Amino acid sequence: MIFRVSEVYGPSVNFGIVHELMKRRKIVLKKGNHDFIYEGDLIHAIETALHFNASGIFDIAFGKSISLEELVTIVNRYRSSVIEVRWEKRIREEYEYNCENFKFYKWQPLLAPSSGIRTIQKMLRIGK
């Protein structure tokens, strides 16, 4: 079994675009679309694969990419201050995943990026 996993984010993930957007005051990004997966949804996908003794190559992602501009807007809703973004003038980055073949095992992600980011912010507040 092989998993091609999109960018993972969550309260215990201390790397990646979502983490950087939530922690920094300034960031440089390339415009483009990315797909993400909440850490709990990834764990659920692994549990599902083990339960069904799945075999094959599977994309594990939310299944709908969003623009980084939209991601910045979502993150800014849950920050105390707006992050300052400088957009690079390089070629757009596009990351898409096809999660259809894993749906055979009746798995689907539960948290869209907006819900996952809200959850992270709530959990970070509780931990302080």
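## Reading cores and aromatic pairs in a predicted chain

From the N terminus on, the elements of this chain run β-β-α-β-β-α-β-β-α-β-α. The model is predicted.

Student: How many helices and strands does that order hold, and how compact is the chain?

Tutor: There are four helices and seven strands. The radius of gyration is 15 Å, close to the 14 Å that the globule rule gives for 128 residues, so the chain is as compact as a globular protein of that length. Along the principal axes, the C-alpha atoms fill a box of roughly 45 × 40 × 20 Å.

Student: What share of the contacts join residues at least 24 apart?

Tutor: Taking contacts between residues at least 6 apart in sequence, 89% join residues at least 24 apart. As for the surface, the accessible area comes to about 7,900 Å², with 52% belonging to carbon and sulfur atoms.

Student: Now the interior. How should I read a nonpolar core, and which elements supply the largest one here?

Tutor: The general idea first: in soluble globular proteins, nonpolar side chains tend to be buried together. In this chain, buried residues make up 40% of the 128 residues. The largest nonpolar core has 19 residues, and those with the most contacts inside it are Tyr9, Val18, Leu21, Phe36, Leu71 and Ile117. Helix 1 (16-23), strand 3 (26-34), strand 4 (36-38), helix 3 (68-77) and helix 4 each supply at least two residues of this core. Helix 3 gives the most, with five residues.

Student: Which residues does leucine 21 touch?

Tutor: Leaving aside residues up to four places away in sequence, leucine 21 touches Ile27, Leu29, Leu71, Val72, Val75, Arg79 and Ile83. There is also a second, separate core of 12 residues, which includes Ile60, Phe102, Tyr105 and Trp107.

Student: Some of those are aromatic. How do I read an aromatic pair, and how many are found in the whole structure?

Tutor: A pair of aromatic rings is described by the distance of the centres and the angle of the planes. A search of the whole structure finds 10 aromatic pairs. One of them joins phenylalanine 3 and phenylalanine 58, with 6.3 Å centre to centre and 65° between the planes, making the pair edge-to-face. This pair links distant parts of the chain, with phenylalanine 3 in strand 1 (residues 2-5) and phenylalanine 58 in strand 5 (residues 57-60), 55 residues apart.

Student: Are those two residues buried or partly exposed?

Tutor: Phenylalanine 3 counts as partly exposed because its relative accessible area is 22%, while phenylalanine 58 counts as buried because its value is 3%. The cut-off that separates the two is 20%. Phenylalanine 58 also pairs edge-to-face with tyrosine 105, at 5.8 Å centre to centre and 80° between the planes. Phenylalanine 58 lies in strand 5 and tyrosine 105 in the loop between strand 7 (84-94) and helix 4 (113-127), so this pair ties together parts that are 47 residues apart in sequence. Tyrosine 105 is buried, as is phenylalanine 58.

Student: Which residues form one aromatic cluster?

Tutor: The cluster is formed by Phe3, Phe52, Phe58, Phe102, Phe104, Tyr105 and Trp107. Another ring to look at is that of tryptophan 87: the charged end of lysine 31 sits over this ring, 5.9 Å from its centre.

Student: One last spot: where does glycine 63 lie, and what does it touch?

Tutor: Glycine 63 lies in the loop between strand 5 and strand 6 (66-67). Glycine 63 counts as partly exposed because its relative accessibility is 44%. Not counting residues up to four places away in sequence, glycine 63 touches Asp35 and Cys99.

Technical notes. Residues are numbered from 1 along each chain as its sequence is written. This is a predicted model: local features need pLDDT of at least 70, side-chain atom pairs count only at pLDDT 80 or more; totals for chains, interfaces and linings use all residues. Side-chain values use heavy atoms; hydrogens and water are left out. Rings of Phe, Tyr and Trp (its six-membered ring) pair if their centres lie within 6.5 Å; planes under 30 degrees apart count as stacked, over 60 as edge-to-face and the rest as tilted. Buried means under 20% relative accessible area, exposed over 50%, partly exposed in between (1.4 Å probe, protein chains only). A charge sits over a ring if NZ of Lys or CZ of Arg is within 6 Å of the ring centre and within 35 degrees of the ring normal. The radius of gyration is taken over C-alpha atoms; the globule rule is 2.2 Å times the number of residues to the power 0.38. Contact means heavy atoms within 4.5 Å. Accessible areas come from the Shrake-Rupley method with a 1.4 Å probe; for residues, only the protein chains shown count as cover. A nonpolar core is a set of buried Ala, Val, Leu, Ile, Met, Phe, Trp, Tyr and Cys residues joined through side-chain atoms within 4.5 Å.
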